[in-house]
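Me: I am new to this structure and would like to learn how to read a few of its features. Could you walk me through them?

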Amino acid sequence: MALISAMTELCGQNDEIRGAPQMKQLISLLASDETGGALDETGQDLVATSLKATEDAALLDAFVRSEAALKRLVKWLEASMSGERADQTRVLLSLFAHLPMTVEALMASKAGHVVNTARKAENEAGDCFDGI
């Protein structure tokens, strides 16, 4: 898969996204249905791990400002919730907790609605908020 093989060039030694060009490439890959839309849980975990390892606020802000990439994360979260995959839902919710979300980004990506749905759900996905 193109995104998984590209991650070795996008990430530094500590799994973080190395810089602005690499973040731009990650955003582009996630926005594409051929790459971001085709990722399985392992690929999604790899992306989440890299984003959570990234501490550079400017890079994370660039990611959040990308409506297409953020919408991809929302789609992954919705799929994990509908499939009752609590572990994957936890991974994605912890990623959302790490990102510097703005009200505008929450509204544009519908992330706020999906996270609130998870919060209200009476299944394992609702329990994912413990510790986040």
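Reply: Gladly! This is a predicted model. Let us start with Asp15, which sits in the loop between helix H1 (2–10) and helix H2 (20–31).

Me: What is the phi of Asp15?

Reply: First, the general idea: most residues other than glycine have a negative phi. Asp15 is not a glycine, yet its phi is positive, about 75°. Asp15 is also partly exposed, because its relative accessibility is 39%, between the 20% and 50% cut-offs. You can find another positive phi, near 50°, at Glu84, which follows H5.

Me: How many Å should helix H5 span?

Reply: Count 1.5 Å a residue: H5 (residues 67–82) has 16 residues, so 22 Å is expected, and its end C-alpha atoms agree, being 22 Å apart.

Me: And which residues of H5 are buried?

Reply: In general, an α-helix has 3.6 residues a turn, so residues three or four places apart point the same way. In H5, the buried residues include Ala69, Leu70, Leu73, Trp76, Leu77 and Ser80. Arg72 is also one of the buried residues.

Me: How do H3 and H6 cross?

Reply: Look at their axes: those of H3 (residues 41–53) and H6 (residues 86–98) come within 10 Å and cross at roughly 25°. That angle is under 35 degrees, so H3 is roughly parallel to H6. Their crossing is left-handed. Among the residues making the contact are Ala48 and Leu51 of H3, with Val91, Leu92 and Leu95 of H6. By type, the contact residues comprise five nonpolar, four polar and three charged.

Definitions and conventions. Residues are numbered from 1 along each chain as its sequence is written. This is a predicted model: local features need pLDDT of at least 70, side-chain atom pairs count only at pLDDT 80 or more; totals for chains, interfaces and linings use all residues. Side-chain values use heavy atoms; hydrogens and water are left out. Axes are lines fitted to C-alpha atoms, for helices over the stretch in contact, and angles run from 0 to 180 degrees between N-to-C directions. Helices (H or I, at least four residues) and strands (E, at least two) are DSSP runs, numbered from the N terminus. Angles under 35 degrees count as roughly parallel, over 145 as roughly antiparallel, 65 to 115 as roughly perpendicular and the rest as oblique. A crossing is left-handed if the near helix is turned anticlockwise from the far one by less than a right angle, and right-handed if clockwise. Contact means heavy atoms within 4.5 Å. Ala, Val, Leu, Ile, Met, Phe, Trp, Tyr, Cys and Pro count as nonpolar, Asp, Glu, Lys and Arg as charged, and the others, Gly among them, as polar. The expected span of a helix is 1.5 Å times one less than its number of residues. Buried means under 20% relative accessible area, exposed over 50%, partly exposed in between (1.4 Å probe, protein chains only).
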